Amino acid sequence: MADSSTQSIVIAASPERVAAVICDFASYPEWTDAMKRVEVIEEYEDGYASQVRFVLDAGVIADEYTLAYEYTEDISRIEWRLVGPSKMQKAQIGSYDIADNGDGTTTVTYTLEVELSVGMLGMFRRKAEKMIMDTALKQLKRRVEGAS
């Protein structure tokens, strides 16, 4: 696997609100530009998604893939991994770390590591990861703060 990329953003909402938006996979197409369809395939007994199927179309990059999710008991960390190779990805490991800042805001740290099936120079892959993460965090912030 390649090196992981990490980015953080501060959101004006409680950690519970942030986690609720992240875990509401079915709503992703409403607020995440590149997500065309998201389907929860399996759930844990507590109702949290254990496997989620994504249909992504970001123009140049289109893919369908399934991620397996795990959560800490307090939902302060949400982790995922690619279940099996897709058209574009050999592997994907990621996480959201959700930290209460104690002032009504929450810091979300997004870590992502993707191994592509198609060849891409390291600097282009890192730039693409940064763009994906930056867009995802900004869209998450807009969704959480707009829906609070």
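This short presentation covers the aromatic pairs, the strand pairing and the salt bridges of one structure.

Good morning, colleagues. The model before you is predicted, and I shall begin with its aromatic residues.

The structure contains 13 aromatic pairs. One of them joins Phe54 and Tyr65, whose rings are stacked at 5.4 Å centre to centre, with 20° between the planes. Phe54 belongs to strand E3, residues 49-57, and Tyr65 to strand E4, residues 62-71, so this contact ties together parts that are 11 residues apart in sequence. Phe54 has a relative accessible area of 2% and is buried. Tyr65 is likewise counted as buried, at 8% relative accessibility.

A further pair is formed by Tyr69 and Trp80. Here the ring centres are 5.9 Å apart and the planes stand at 45°, so the arrangement is tilted. The angle excludes the other two classes, because stacked requires planes under 30 degrees apart and edge-to-face requires over 60. Tyr69 is in strand E4 and Trp80 in strand E5, residues 77-82, so this pair, too, ties together parts that are 11 residues apart in sequence. Both of these residues, Tyr69 and Trp80, are buried.

The residues I have named so far also belong to one aromatic cluster. Phe54, Tyr65, Tyr69 and Trp80 are among its members, and the cluster further includes Phe25, Tyr28, Trp31, Tyr44, Tyr48, Tyr71, Tyr96 and Tyr110.

Let me now turn to strand E5, in which Trp80 lies. Which side chains of E5 point to the buried face? They are Ile78, Trp80 and Leu82. Arg77, Glu79 and Arg81 point to the other face and are not buried.

E5 pairs with strands on the following terms. With E4, the pairing is antiparallel and extends over 5 bridges. Within this pairing, Ile78 of E5 is the bridge partner of Tyr71, a residue that is also part of the aromatic cluster. The two strands E4 and E5 make a hairpin with 5 residues between them, and Ile75 in the turn has a positive phi of about 60°.

With strand E6, residues 89-100, the pairing of E5 is again antiparallel, over 5 bridges. Arg81 stands opposite Ile93 of E6. E5 and E6 likewise form a hairpin, with 6 residues between them.

I come finally to the charged side chains. The count of salt bridges is 6. On E5, Arg77 and Glu79 meet in one of these, at 2.7 Å from N to O. Arg77 is partly exposed at 27% relative accessibility, and Glu79 is partly exposed at 30%. Both residues also take part in a network of salt bridges that links them with Asp97.

Another salt bridge connects Glu30 and Arg143, at 3.0 Å from N to O. Glu30 is in helix H2, residues 28-31, and Arg143 in helix H3, residues 122-147, so the contact ties together parts that are 113 residues apart in sequence. Of the two partners, Glu30 is exposed, at 58% relative accessibility, whereas Arg143 is partly exposed, at 24%.

Helix H3 also holds a salt bridge of its own. Asp134 and Lys138 both lie in this helix, 4 residues apart, which is about one turn, and their side chains meet at 3.1 Å from N to O. Asp134 is partly exposed at 24% relative accessibility, and Lys138 is partly exposed at 47%.

That concludes my presentation. Thank you for your attention.

Definitions and conventions
Residues numbered from 1 in each chain as written. Predicted model: local features only at pLDDT ≥ 70, side-chain atom pairs only at ≥ 80, totals over all residues. Heavy atoms only, no water. Phe/Tyr/Trp six-rings, centres within 6.5 Å; stacked < 30°, edge-to-face > 60°. Buried < 20%, exposed > 50% of the residue type's maximum accessible area, 1.4 Å probe, protein only. Pairing = 2+ DSSP bridges. Salt bridge = Lys/Arg side-chain N within 4 Å of Asp/Glu carboxyl O.
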